[in-house]
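Trainee: I am new to this structure and would like a close look at a single part of it. Please take one helix and follow what surrounds it.

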Amino acid sequence: MLDKDAFEAFAETGDLFNPDLARSFRKNILEKGGSEDGMTMYRNFRGSEPAAEPLMYARGLAERPPREYEFFPYEPLFDAEPVPGEEAPAGEPAAQATQEELPAETQPNDEE
């Protein structure tokens, strides 16, 4: 339950990598180790008791209200090939190079 609620704390900021919240997590939980009561450390980080709703949303037991932001806003690491028969979106290459089209130095070496 704590991990889902902690993730929700970051999601509520609209930035999963919020540096201020990350510092608070490190200071109030990670740096303390097991030196204090776990719930006390969590309350110091979150500012409140953990909520059960994030766990319920993750398990499909409750419907999450719509958010104002999208997760995960990551850019793909590479362009995917379009589905055969479909046009590539404007401004994107029509397809990735096939192995035969790659320069010889990038070809896989079957001799190894």
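Mentor: What follows is a walk along helix 1 and then outward to the residues it meets. Keep in mind that this is a predicted model.

Start with the helix itself. Helix 1 covers residues 2-13, which makes 12 residues. At 1.5 Å a residue these should span 16 Å, and the end C-alpha atoms are 17 Å apart, so the expected and the computed spans agree. Just after helix 1 comes Gly14, whose phi is positive, at about 85°.

Next, which residues of helix 1 are buried? They are Asp5, Ala6, Glu8, Ala9, Phe10 and Ala11. The cover over the buried residues of helix 1 includes helix 2 (19-30), helix 3 (38-46) and helix 4 (53-58).

Two residues of helix 1 lead to helix 3 through charge. Side chains of opposite charge can pair when their charged atoms come close. Asp5 makes a salt bridge with Arg46, with the closest N and O atoms 3.0 Å apart. This pair ties together distant parts of the chain, since Asp5 sits in helix 1 and Arg46 in helix 3, 41 residues apart. Both Asp5 and Arg46 are buried. Arg46 also forms a salt bridge with Glu12, where the closest N and O atoms are 3.1 Å apart. Here too distant parts of the chain are linked: Arg46 belongs to helix 3 and Glu12 to helix 1, 34 residues apart. Glu12 has a relative accessibility of 46%, so Glu12 counts as partly exposed. Together, Asp5, Glu12 and Arg46 are linked in a network of salt bridges. For the structure as a whole, the count of salt bridges is 7.

Phe10, one of the buried residues of helix 1, leads elsewhere. Phe10, Phe25, Tyr42 and Phe45 form one aromatic cluster. The structure holds 3 aromatic pairs. One of them is Tyr42 with Phe45: the ring centres are 5.8 Å apart and the planes stand at 70°, so this pair is edge-to-face. Tyr42 and Phe45 are 3 residues apart in helix 3, which means that about one helical turn separates them. Tyr42 and Phe45 are both buried.

Phe10 also touches the loop that follows the helix. Asn18 lies in that loop, between helix 1 and helix 2. Is Asn18 buried or exposed? Its relative accessible area is 15%, and the cut-off for buried is under 20%, so Asn18 is buried. Leaving aside neighbours within four places in sequence, Asn18 is in contact with Phe10 and Thr13. The side chain of Asn18 also reaches two backbone nitrogens: that of Asp20 at 3.0 Å and that of Leu21 at 2.9 Å.

Asp20 brings us into helix 2, where the side chains of Arg23 and Asp20 meet in a salt bridge, 2.7 Å from N to O. Because Arg23 and Asp20 are 3 residues apart in helix 2, about one helical turn lies between them. Arg23 has a relative accessibility of 44% and counts as partly exposed, while Asp20, at 55%, counts as exposed.

To retrace the route: helix 1 is linked to helix 3 by the salt bridges from Arg46 to Asp5 and to Glu12, Phe10 is part of the aromatic cluster, and Asn18 lies in the loop between helix 1 and helix 2.

Methods: Residues numbered from 1 in each chain as written. Predicted model: local features only at pLDDT ≥ 70, side-chain atom pairs only at ≥ 80, totals over all residues. Heavy atoms only, no water. Helix = DSSP H or I, 4+ residues; strand = E, 2+ residues; numbered from the N terminus. Expected span 1.5 Å × (residues − 1). Buried < 20%, exposed > 50% of the residue type's maximum accessible area, 1.4 Å probe, protein only. Contact = heavy atoms within 4.5 Å. Phe/Tyr/Trp six-rings, centres within 6.5 Å; stacked < 30°, edge-to-face > 60°. Polar contact = N/O pair within 3.5 Å; in protein donor to acceptor, adjacent residues only side chain to side chain. Salt bridge = Lys/Arg side-chain N within 4 Å of Asp/Glu carboxyl O.
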